[in-house]
Amino acid sequence: MTSTETAQDAPEALVLPTMTEMPQEPDGSPLKDGTVDVILVPMAGEDGEERLVALAFTSIPLLVEAMGEEQPWVIIPTEQVGEALSGSGAAAVLIDPQLADGMEGEPTSG
């Protein structure tokens, strides 16, 4: 899985939009034994082939701006995002995307 940011630019944690409300710790992280249904969206790769990418935001206000106040989310430490998305089908993480109106994600467990 690749990321659109380098490691030195990456924030401490990322806010990932989810398909449903998730049980969370007080800091916004998902409960340890919970499954997170993250939002994946199809994107054309450089070769023109469609791949699924996970959406992630560097802050809650940026998530709200892009996806609305009702969007459920979880916070995951940046270094754990790859592991959290393992098996989800995500080929990359798109950080702080600007979404078009009506954009819908595809549920997956990550």
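Which residues have the most contacts inside the largest nonpolar core? Select Leu 16, Val 81, Leu 85 and Val 93: they hold that place in a core of 15 residues. Now colour the strands. β2 (13–17), β3 (37–44), β4 (50–56), β5 and β6 (90–95) each supply at least two residues of this core. β6 gives the largest share, 3 residues. Then select Val 15, Ile 39, Val 53 and Leu 63, which are among the 9 residues of a second, separate core.

**The whole chain**

Zoom out. This is a predicted model. Colour the protein chain by secondary structure and count 2 helices and 7 strands. Read from the N terminus, the order is β-β-β-β-α-β-α-β-β. The protein chain has 110 residues, and 33% of them count as buried. Show contacts with a sequence separation of 6 or more: 71% of them join residues 24 or more positions apart. Switch on the surface. The protein chain exposes about 6600 Å², with 48% of that supplied by carbon and sulfur atoms.

**Colour by confidence**

Recolour by pLDDT. The average for the protein chain is 81, and 75% of the residues score at least 70. Where is confidence lowest, and where is it highest? Strand β7 (residues 106–109) is the low end, at a mean of 44, while β4 is the high end, at 95. Select residues 104–110 as well. Their pLDDT is below 50, yet the stretch has 26 contacts in the model beyond near neighbours in sequence.

**Strand β2 and its partner**

Select β2. It is largely enclosed by the rest of the structure, because 4 of its 5 residues are buried. Add β5 (73–77). The two strands, β2 and β5, pair in the antiparallel sense over 5 bridges. For a single rung, pick Leu 14 and its bridge partner in β5, Ile 76.

**The β3–β4 hairpin**

Move to β3 and β4. They run antiparallel and are joined by 5 bridges. Pick Pro 42, whose bridge partner in β4 is Leu 52. Follow the chain round the turn. The hairpin leaves 5 residues between the strands, and Gly 48 in the turn has a positive phi of about 85°.

Stay here and show side chains for Asp 47 and Arg 51. They form a salt bridge, with the closest N and O atoms 3.1 Å apart. Side chains of opposite charge can pair when their charged atoms come close. The count for the model is 1 salt bridge. How accessible are its two ends, Arg 51 and Asp 47? Arg 51 is partly exposed, at 33% relative accessibility. Asp 47 is exposed, at 52%.

**From β4 across to β6**

Keep β4 and add β6. This pairing is in the parallel sense, again over 5 bridges. Pick Leu 55, which stands opposite Leu 94 in β6.

**Phe 57**

Step on to Phe 57, in the loop between β4 and α1. Is Phe 57 buried or exposed? Its relative accessible area is 0%, so Phe 57 is buried. Show its surroundings, leaving aside neighbours within four places in sequence. Its contacts include Leu 14, Val 15 and Pro 17, then Leu 62, Leu 63, Ala 66 and Met 67, and also Asp 96 and Pro 97. Draw a distance from Phe 57 to Pro 17. The C-alpha atoms are 8.3 Å apart, with the two positions 40 residues apart in sequence numbering.

**Asp 96**

From Phe 57, follow its contact to Asp 96. Asp 96 lies in the loop between β6 and β7. Check its backbone: phi is near 50°, a positive value in a residue other than glycine. Most residues other than glycine have a negative phi. At 25% relative accessibility, Asp 96 counts as partly exposed.

**Gln 71**

Last stop: select Gln 71, in the loop between α1 (60–67) and β5. Gln 71 counts as buried because its relative accessibility is 15%, and the cut-off for buried is under 20%. Which residues does Gln 71 contact, leaving aside its neighbours within four places in sequence? They are Pro 17, Thr 18, Ile 39 and Leu 63. Two of these names have come up before: Ile 39 and Leu 63 belong to the second core. Pro 17 is familiar too, as a contact of Phe 57.

Notes: Residues are numbered from 1 along each chain as its sequence is written. This is a predicted model: local features need pLDDT of at least 70, side-chain atom pairs count only at pLDDT 80 or more; totals for chains, interfaces and linings use all residues. Side-chain values use heavy atoms; hydrogens and water are left out. Buried means under 20% relative accessible area, exposed over 50%, partly exposed in between (1.4 Å probe, protein chains only). Contact means heavy atoms within 4.5 Å. A nonpolar core is a set of buried Ala, Val, Leu, Ile, Met, Phe, Trp, Tyr and Cys residues joined through side-chain atoms within 4.5 Å. Accessible areas come from the Shrake-Rupley method with a 1.4 Å probe; for residues, only the protein chains shown count as cover. pLDDT is the predictor's confidence in each residue, from 0 to 100. A salt bridge is a side-chain nitrogen of Lys or Arg within 4 Å of a carboxyl oxygen of Asp or Glu. Two strands pair if DSSP finds at least two bridges between them.
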